[in-house]
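Colleague: I would like a close look at one part of this model. Please start with a turn and work outwards from there.

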Amino acid sequence: RRIVAARCKDPEILARCQDGGVVTAMLCHGLREGRFDGAVVSAADESMPAAPKPRVVTTVPDAIASASSWYTYCPNNLALADAERMGLKQVCFVGVPCQITPTRKIQQADPAFLNNGRKKDKHIERQTKFLKGFGENVVFTVGLLCTEVFTYEGLMVQKIQNEMGIPLTDVKKFNVKGKVLVYKKDGEVVEMSLHRSQEYARSECHHCGDFSAELADISCGGVGAMDWTIV
């Protein structure tokens, strides 16, 4: 295992990315070179300010537009169903550790138990596809370093919008570097104690032991580094 700090050189990516832009750069490279025909990511939800939603991107502009993190939970795995409906066969999956693990479990599932000697072949085929279908389309996984994520209603709505008086429609970007950094569209950066924000962490995150997405092909994050990606 090798750990490095890296930074993308593409100005368009750097203008939009969370830290060093490495994940976005990999997605763009994979799409340009035909290594992926799509990628499952989290992207800004047009219907909810400062919230993410699962999305499949198939173009470089869409991949760049999906850059940045919102630090509230986004069920990326659900977009694997969208990728299948779109007919994609070479998908890059980007997710936090607790999303990489189920993706790997799907890929490693052994469907042999479905054949009990009594089922028809067409039933076994259909059940095998149900068991392993989404995972078979994933050709590369990118894990995102993660210690915890927060609830949208708690951190974003109750704390930042209601208590701190920052409308979520004014928020351009979030980051966490020992403290919570709220970047506003007017250029102002508002700081908040990370300790104060942890009361809004999802309870499931308190039991997670997989910070670095051990089962991913490659893991990336900005922990401990400003404007660089730990890879």
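**The hairpin and what surrounds it**

Modeller: The hairpin of β7 and β8 has 4 residues between its strands, and one residue, Gly187, has a positive phi near 100 degrees. The model is predicted, so to speak of local features a pLDDT of at least 70 is needed, and side-chain atom pairs count only at pLDDT 80 or more, while totals for chains, interfaces and linings use all residues. Residues are numbered from 1 along each chain as its sequence is written, and side-chain values use heavy atoms, with hydrogens and water left out.

Strands here are DSSP runs of E with at least two residues, helices are runs of H or I with at least four, and both are numbered from the N terminus. Two strands pair if DSSP finds at least two bridges between them. Strand β7 (residues 179-184) and β8 run antiparallel and are joined by 5 bridges. Val182 has Val190 of β8 opposite.

Strand β8 covers residues 189-193. Val190 and Met192 make up the covered face of β8, while Val189, Glu191 and Ser193 make up the uncovered one. In a regular strand, side chains alternate between the two faces of the sheet.

The hairpin belongs to an open sheet of 3 strands, in the order β6-β7-β8, with antiparallel pairing. The edge strands are β6 and β8, each of which pairs on one side only. From one strand to the next, the twist averages 20 degrees. Angles of this kind are taken between N-to-C directions and run from 0 to 180 degrees, with axes as lines fitted to C-alpha atoms, for helices over the stretch in contact. Contact stands for heavy atoms within 4.5 Å.

Some side-chain pairs come next. A charge sits over a ring if NZ of Lys or CZ of Arg is within 6 Å of the ring centre and within 35 degrees of the ring normal. The charged end of Lys173 meets this rule over the ring of Tyr183, 5.5 Å from its centre. Arg202 likewise lies over the face of Tyr73, at 4.3 Å from the ring centre.

For aromatic pairs, rings of Phe, Tyr and Trp (its six-membered ring) must have centres within 6.5 Å; planes under 30 degrees apart count as stacked, over 60 as edge-to-face and the rest as tilted. The count by this rule is 2 aromatic pairs. Phe36 and Phe140 have ring centres 6.0 Å apart and planes at 25 degrees, so this pair is stacked. Phe36 is in the loop between α2 and β2 and Phe140 is in strand β5, so the pair ties together parts that are 104 residues apart in sequence. Buried means under 20% relative accessible area, exposed over 50% and partly exposed in between (1.4 Å probe, protein chains only). Phe36 is buried at 10%, and Phe140 is partly exposed at 24%.

The rings of Trp70 and Phe174 have centres 5.8 Å apart and planes at 70 degrees, so the pair is edge-to-face. Trp70 lies in the loop between α3 and α4, while Phe174 belongs to strand β6 (residues 171-176), so here too parts 104 residues apart in sequence are tied together. Trp70 and Phe174 are both buried.

The loop between α3 (60-65) and α4 (79-85) also holds Ser68. Phi of Ser68 is near 90 degrees, a positive value in a residue that is not glycine. Most residues other than glycine have a negative phi. Ser68 counts as buried, with 13% relative accessibility.

Elsewhere, 5 strands form an open sheet of mixed pairing in the order β3-β2-β4-β5-β9. Its edge strands, each pairing on one side only, are β3 (52-57) and β9 (218-220). Neighbouring strands of this sheet are turned by 30 degrees against each other on average, direction ignored. Within the sheet, β4 (residues 91-95) and β5 (residues 138-144) pair in the parallel sense over 5 bridges.

Helix α2 (residues 22-33) lies across β2 (38-44), β4, β5 and β9, and runs at about 135 degrees to β9. Buried residues of α2 include Val22, Leu27 and Leu31. After α2 comes Gly34, with a positive phi near 75 degrees.
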